[in-house]
Amino acid sequence: MFPLQLLALLFISASQHDDEEKKRQKENKYDGIFRRGDLLQVPRTLFTHFGIYLGAGRVAHFIPDIMPLISSDQCRIRQMVTNSRLLLGVLAKCGSVRVDSVDDFAYGSEIFINTMDKVCSRPALQGEEVAIRAEKLQGDVSYSLLWYNCEHFVMYCRYGTNMSFQTFQFCKTVRRLLLSRRVAKVAAMLGACLLLYVRAVTPCSAMLAVLLPFLIWMAS
């Protein structure tokens, strides 16, 4: 039995060594593509996801995740965040700044590098400072799709400003859809129809029927 046990031990050691060697090769591959402090972005579900490259094939990113709310198992929490976990985390406003491998961060999507440098008015900080900022912010953070998301996180780390172009574009689209003259006219017609339907015009209801269309009209 002893020779068989020795062979098994040698086989397991060689297999572990091969796995570690493959992992090092992958890390070296990414270090040849990205630099520490680079801003990485990938398309993810309905929006673009952002992260900061830390080196050695690791990415710090702020991602919504429902798992910490439903499980205390750290092994499950550390697993790659799937789209279902991500979307449920958005609804629950639960997220964390975590460090994952480049592959887990990308989730099979193409990775773009430092594209925000072209649109942000502020110059990028030094790569080492960017990475240190990202590492210091690790941990659970309340997530908000509009007011604090993954883009706010990377913008602070790389440019020292807390903003999100995705949020700005979303709010601009909502404003264009809701705060228009057409919507103001529709609101005025609905208010008039409602007053005629209930046949009970009070100062409060009349003011509401007039004020809401007026405010939308002025904001359009």
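**Exercise 1. In this predicted model, identify which residues of the largest nonpolar core touch the most other members, and trace which elements build that core.**

*Solution.* Leu 39, Ile 52, Ala 134 and Phe 153 are the residues that touch the most other members of the largest nonpolar core, which holds 24 residues. The next step is to assign the core to elements: those giving two or more residues to it are the strands β2 (47-55) and β3 (58-64), together with the helices α4 (83-92), α6 (127-136) and α7 (150-159). Among these contributions, the largest share is that of α7, with six residues. In soluble globular proteins, nonpolar side chains tend to be buried together.

**Exercise 2. List what Phe 153 touches, leaving aside residues up to four places away in sequence, and then find which residues a second core includes.**

*Solution.* With those sequence neighbours set aside, Phe 153 touches Ile 52, Ala 60, His 61, Phe 62, Val 97, Ala 134, Leu 137 and Tyr 148. Two of these partners, Ile 52 and Ala 134, are also named with Phe 153 as residues that touch the most other core members. Separate from this core lies a second one of nine residues, including Tyr 30, Phe 34, Leu 40 and Phe 105.

**Exercise 3. Decide whether Asp 100 is buried or exposed, and describe the surroundings of its side chain.**

*Solution.* Asp 100 is found in strand β4, which spans residues 94-101. Its relative accessible area is 9%, and because buried means under 20%, Asp 100 counts as buried. The side chain of Asp 100 makes a polar contact with the side chain of Arg 98, at 2.8 Å. Beyond residues up to four places away in sequence, Asp 100 touches Gly 57, Arg 58, Val 59, His 61 and Arg 78.

**Exercise 4. Locate Phe 214 and relate this residue to a nonpolar surface patch.**

*Solution.* Phe 214 has its place in helix α10, which covers residues 203-219. With a relative accessible area of 46%, Phe 214 is partly exposed. Together with Met 207, Leu 211, Leu 215 and Met 218, Phe 214 makes a nonpolar surface patch of about 530 Å².

**Exercise 5. Summarise the protein as a whole, beginning with how many helices and strands there are.**

*Solution.* The protein has ten helices and six strands, and 33% of its 220 residues are buried. Of the contacts with a separation of 6 or more, 66% are made by residues 24 or more positions apart. The accessible surface comes to about 14000 Å², with 64% of this area belonging to carbon and sulfur atoms.

Note on methods
Residues are numbered from 1 along each chain as its sequence is written. This is a predicted model: local features need pLDDT of at least 70, side-chain atom pairs count only at pLDDT 80 or more; totals for chains, interfaces and linings use all residues. Side-chain values use heavy atoms; hydrogens and water are left out. Helices (H or I, at least four residues) and strands (E, at least two) are DSSP runs, numbered from the N terminus. Buried means under 20% relative accessible area, exposed over 50%, partly exposed in between (1.4 Å probe, protein chains only). Contact means heavy atoms within 4.5 Å. Accessible areas come from the Shrake-Rupley method with a 1.4 Å probe; for residues, only the protein chains shown count as cover. A nonpolar core is a set of buried Ala, Val, Leu, Ile, Met, Phe, Trp, Tyr and Cys residues joined through side-chain atoms within 4.5 Å. A polar contact is a pair of N or O atoms within 3.5 Å; within protein, one must be able to donate a hydrogen and the other to accept it, and residues adjacent in sequence count only if both atoms are side-chain atoms. Patches are made of residues with over 30% relative accessible area and no salt bridge: like charges are joined within 9 Å, nonpolar side chains (Val, Leu, Ile, Met, Phe, Trp, Tyr) within 5 Å. A salt bridge is a side-chain nitrogen of Lys or Arg within 4 Å of a carboxyl oxygen of Asp or Glu.
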